[in-house]
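Thank you for making time this morning. I would like to take you through one chain and then stop for discussion.

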Amino acid sequence: MKANLQKLGNDLHIFQGNTERIFESICDENTVVLAQDEVGPEETRLVARVKRRVRGAVKTLWGGTLLHVNDIPDDCTNSVPGPFTKFRKFSFPLHFVN
């Protein structure tokens with residue numbers, strides 16, 4: 001993939017380690033980090049830590065999920081015990097965007 005991207009004038013960098021430290025080391029005040037908006041508590045905390053450490057801007061946007069966060073009932077997000085089955089079997093209203 002890296003070689004194919006380089007042929008197109010792009011590049012690919014792969015980092016391993018602590019997410020917020022990596023972003024802090026590669027971002028300057030002119031950086032804009034775009035990330036998918038998350039609702040999970042661990043993911044939300046990670047985004048907050050990255051925002052505190054990055055000197056540039058961190059912007060989040062919603063996308064790439066089966067359901068929009070506003071379409072998930074509170075009883076499925078606040079008190080789902082045990083396995084994913086309760087969430088999977090829940091009947092969600094369908095909203096279509098033109």
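I will go from the overall picture to the core, the salt bridges, one loop and the surface.

First, what we are looking at. This is a predicted model, in which local features need a pLDDT of at least 70 and side-chain atom pairs count only at pLDDT 80 or more, whereas totals for chains, interfaces and linings use all residues. Residues are numbered from 1 along each chain as its sequence is written, and side-chain values use heavy atoms, with hydrogens and water left out.

On confidence, pLDDT is the predictor's own confidence in each residue, on a scale from 0 to 100. The chain averages 82, and 72% of the residues score at least 70. Taking the elements of the chain by mean pLDDT, helix α1 (residues 2-7) is the highest at 95, and helix α4 (residues 74-77) is the lowest at 62. Where pLDDT is low, the predicted coordinates should not be read in detail.

Now the overall architecture. The secondary structure amounts to five helices and two strands, where helices (H or I, at least four residues) and strands (E, at least two) are DSSP runs numbered from the N terminus. Along the sequence these elements follow the order α-α-β-α-β-α-α. Of the 98 residues in the chain, 15% are buried; here buried means under 20% relative accessible area, exposed means over 50%, and partly exposed lies in between, with a 1.4 Å probe and protein chains only. Considering contacts (heavy atoms within 4.5 Å) between residues at least 6 apart in sequence, 55% join residues at least 24 apart.

Let me turn to the interior. Which residues make up the largest nonpolar core? There are five of them, namely C27, V33, V50, V54 and V58, a nonpolar core being a set of buried Ala, Val, Leu, Ile, Met, Phe, Trp, Tyr and Cys residues joined through side-chain atoms within 4.5 Å. If we leave aside neighbours within four places in sequence, V54 is in contact with F23 and with C27, the latter also a member of that core. S25, which belongs to helix α2, lies 29 residues from V54 in sequence, yet their C-alpha atoms are 8.5 Å apart. S25 itself counts as exposed, because its relative accessible area is 58%.

Next, the charged pairs. The structure holds three salt bridges, each defined as a side-chain nitrogen of Lys or Arg within 4 Å of a carboxyl oxygen of Asp or Glu. In one of them R49 meets E20, at 2.9 Å from N to O. That pair links distant parts of the chain, with R49 in helix α3 (residues 41-53) and E20 in helix α2 (residues 19-26), 29 residues apart. Is E20 buried or exposed? E20 counts as buried, because its relative accessibility is 7%, whereas R49, at 31%, counts as partly exposed. Not counting residues up to four places away in sequence, E20 touches L46, R49, V50 and R53, and V50 is one of the core residues I listed a moment ago.

A second bridge joins E24 and R53, again with 2.9 Å from N to O. Here too the pair links distant parts of the chain, E24 being in helix α2 and R53 in helix α3, 29 residues apart. E24 is partly exposed at 34%, and R53 is partly exposed at 30%. The remaining bridge is between K2 and D11, whose closest N and O atoms are 2.8 Å apart; K2 is partly exposed at 36%, as is D11 at 38%.

One loop deserves a look. D37 sits between β1 (32-36) and α3, and is partly exposed because its relative accessible area is 31%. D37 and T60 are 23 residues apart in sequence, but 4.9 Å apart from C-alpha to C-alpha. Leaving out neighbours within four places in sequence, D37 is in contact with T60, L61 and W62.

That brings me to the surface. L61 is found in strand β2 (residues 57-61) and is partly exposed, with 48% relative accessible area. Together with V32 and L34, L61 makes a nonpolar surface patch of about 310 Å². Patches are made of residues with over 30% relative accessible area and no salt bridge, like charges being joined within 9 Å and nonpolar side chains (Val, Leu, Ile, Met, Phe, Trp, Tyr) within 5 Å. For the chain as a whole, about 8,100 Å² is exposed, and carbon and sulfur atoms supply 54% of it; accessible areas come from the Shrake-Rupley method with a 1.4 Å probe, and for residues only the protein chains shown count as cover.

I will stop there and take questions.
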